[in-house]
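Dear colleague,

Please find below the structure that I am handing over to you. I would be grateful if you would look through it before reading the notes beneath.

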Amino acid sequence: MATRASPLVIESPYPERSVDDLVASLSNASAPVVALLNSVLAVAAEFESILQSAAQKANLEIGGPLSQTDWIVGTGHQPVVYHPGLLAKEEQAGVISAKLNATSVNFILDLDEHDCTDFSVPSIVSGLPTETRNRLGAGSGLAVSQRVENVPADGSSVFAAYKRLLGEPIAVANTVVKRAFGKIAVRQVPFSLLVRKPEVQRVLMQLSQSPSLFTTYNKALLQHRLENRIQNAANPFPNLADGELPLWIWNSTSNSRRVLRHGEEIAANEFLVPRGAFVSLFLRKYCCGLFIHGTGGRTYEPAVERIAKELNLEISSPYIIVSANQYPFSKFIDRFEELQSALTLVRSGPSHVGELLKALSWSEDERSTLIQLSTKKAELIAELHNAKLASQSTPRTTREIGIEIKKIDNELRTTIDSSSTVSKIREEFEILSACEPIIYRRDFPFWCATLEQSDRVK
């Protein structure tokens, strides 16, 4: 199965500064102060031990030990099975941190309610593209509570690795697989470990105690929507309901969470967790010197910065956007687009007979008919031109010639539409049109790019 990969795209959201300029300025400056540096690095080291232990049991090589310095290039996502765009963020965190002598860190958002056990792999069944859905577990509740409970039967080395990781937390298993097969050398920091740090809780508690937090947060979002003409009230983040604050309370005993409300106290086994716009605000202001977003960051980060500014919270760390795609069904995409072009030409057929004759295969009778009709049409057009230029009467009026040209066009259209070649193109296009959502999917797992066609054909 050939794979079409789009180029890696690295963008700066700052019109006056390119990514290279941004990295160069950070390289020449003193290391930015990362308020929660010690907590982040301590959790990274703690989780690295967990990952190495799981990898050793599964007989997988994930590299290490990883170096760490006094500032951080960060990125983050839920602990899902990664697609190439997510993997590219971590790859670039590693590349840029090497240039800056920084520590690259991926923040694992494992306190989100997100199914991290579900993914699909591309397949070819009866000659057509399709997908096979797979589940590694129930996928319910917070990501931190999800585990590898079952592994579908599959002959690939990735699935064999997951079988050896049965029972592991999904964040551990997906990270080990990502490190082993994606060759990513980036430190990993789960929120479920980070928020337990007293230093982190002090920062989040301080944020929650801002007297104008509720009003300022909603007002900033409203202003952002108005200025950017955003109609959807949930974009880029929903407003806080009455009494709510942009933080969760996570109960580490029951692995459940609820929204923090103004004046609410938390128990000994409960921890504050950033929510909504506060996730990015927290990471950029307190945990990183540079942050790497996916394409979604371009949409919501301006709102985050507006909220921070209104709360008098300066975010000094810049961010960049990284994206990459891969399309395992590239041959089907090429054929689908070839058929689209052919049908576009067919629709304009009477006006582009010469192109049609070159582009498509025709029977001898069809080719002969098309040439005769197009030749006759050319003669009529020349006659019409001369009739318009003539200062005296001609054997036929321009109206009569026009009627005959239209008749020829109708004959051309009938010949083209009744062609067996065109019928086959339309039939094939209709079949591939039904597969269009699958062939253009770009979120298949990153490892699918390296699978052989024989591994996926059923």
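The notes that follow describe the pocket, the cavities and the salt bridges. Please bear in mind throughout that this is a predicted model.

**The largest pocket**

The largest pocket holds about 690 Å³ of space. Its lining is made up of 33 residues, and those nearest the centre are Gly-76, His-77, His-293, Gly-296 and Tyr-300. Several elements give two or more residues to this lining: the strands β3 (72–77), β11 (290–293) and β12 (319–323), together with the helices α3 (84–100), α9 (277–287) and α10 (296–310). Helix α9 provides the largest share, namely four residues. Sorted by class, the lining of the largest pocket comprises 14 nonpolar, 15 polar and four charged residues.

**The cavities**

The count of cavities of 30 Å³ or more comes to two. The largest cavity has a volume of about 70 Å³. It is lined by 13 residues, of which Val-80, Tyr-82, Asn-174, Thr-175 and Lys-178 are the closest to its centre. Two elements, β4 (103–108) and α5 (170–182), each give two or more residues to the lining of the largest cavity, and the largest share, four residues, comes from α5. By class, this lining has nine nonpolar, three polar and one charged residues.

The second largest cavity contains about 40 Å³ of space. Its lining consists of Leu-109, Leu-111, Asp-112, Phe-191, Val-273, Pro-274 and Val-279. Six of these residues are nonpolar, none is polar and one is charged.

**The salt bridges**

In total, 20 salt bridges were counted. Three of the pairs are described here, followed by a network.

Asp-112, which was named above in the lining of the second largest cavity, forms a salt bridge with Arg-257, with 3.8 Å between the closest N and O atoms. This pair links distant parts of the chain, since Arg-257 lies in strand β9 (residues 256–261) and Asp-112 in the loop between β4 and β5 (118–125), 145 residues apart. Arg-257 is partly exposed, with a relative accessible area of 22%, and Asp-112 is likewise partly exposed, at 22%.

The second pair is Arg-275 and Glu-244, whose closest N and O atoms are 3.3 Å apart. Arg-275 is in the loop between β10 (270–274) and α9, whereas Glu-244 is in strand β8, 31 residues away. Is Glu-244 buried or exposed? Glu-244 counts as buried, because its relative accessibility is 13%, under the cut-off of 20%. Arg-275 is also buried, with a relative accessible area of 16%. Strand β8, to which Glu-244 belongs, spans residues 244–251. Beyond its neighbours within four places in sequence, Glu-244 is in contact with Phe-214, Val-259, Leu-260, Arg-261 and Arg-275.

The third pair brings together the side chains of Glu-270 and Arg-258, at 2.8 Å from N to O. Here strand β10, which holds Glu-270, is linked to strand β9, which holds Arg-258, and the two residues are 12 places apart. Glu-270 is buried, with a relative accessible area of 9%, while Arg-258 is partly exposed, at 32%.

Finally, salt bridges with shared partners join Asp-115, Asp-118, Arg-133 and Arg-135 into one network.

With kind regards

Note on methods: Residues are numbered from 1 along each chain as its sequence is written. This is a predicted model: local features need pLDDT of at least 70, side-chain atom pairs count only at pLDDT 80 or more; totals for chains, interfaces and linings use all residues. Side-chain values use heavy atoms; hydrogens and water are left out. On a 1 Å grid over the protein atoms alone, a cavity is a set of points where a 1.4 Å probe fits but cannot get out, and a pocket is an open set with protein on both sides within 12 Å along at least five of seven lines; lining residues have an atom within 4 Å of a point. Grid points are joined across faces, edges and corners, and a volume is the space filled by probe spheres set on the points. Ala, Val, Leu, Ile, Met, Phe, Trp, Tyr, Cys and Pro count as nonpolar, Asp, Glu, Lys and Arg as charged, and the others, Gly among them, as polar. Buried means under 20% relative accessible area, exposed over 50%, partly exposed in between (1.4 Å probe, protein chains only). Contact means heavy atoms within 4.5 Å. A salt bridge is a side-chain nitrogen of Lys or Arg within 4 Å of a carboxyl oxygen of Asp or Glu.
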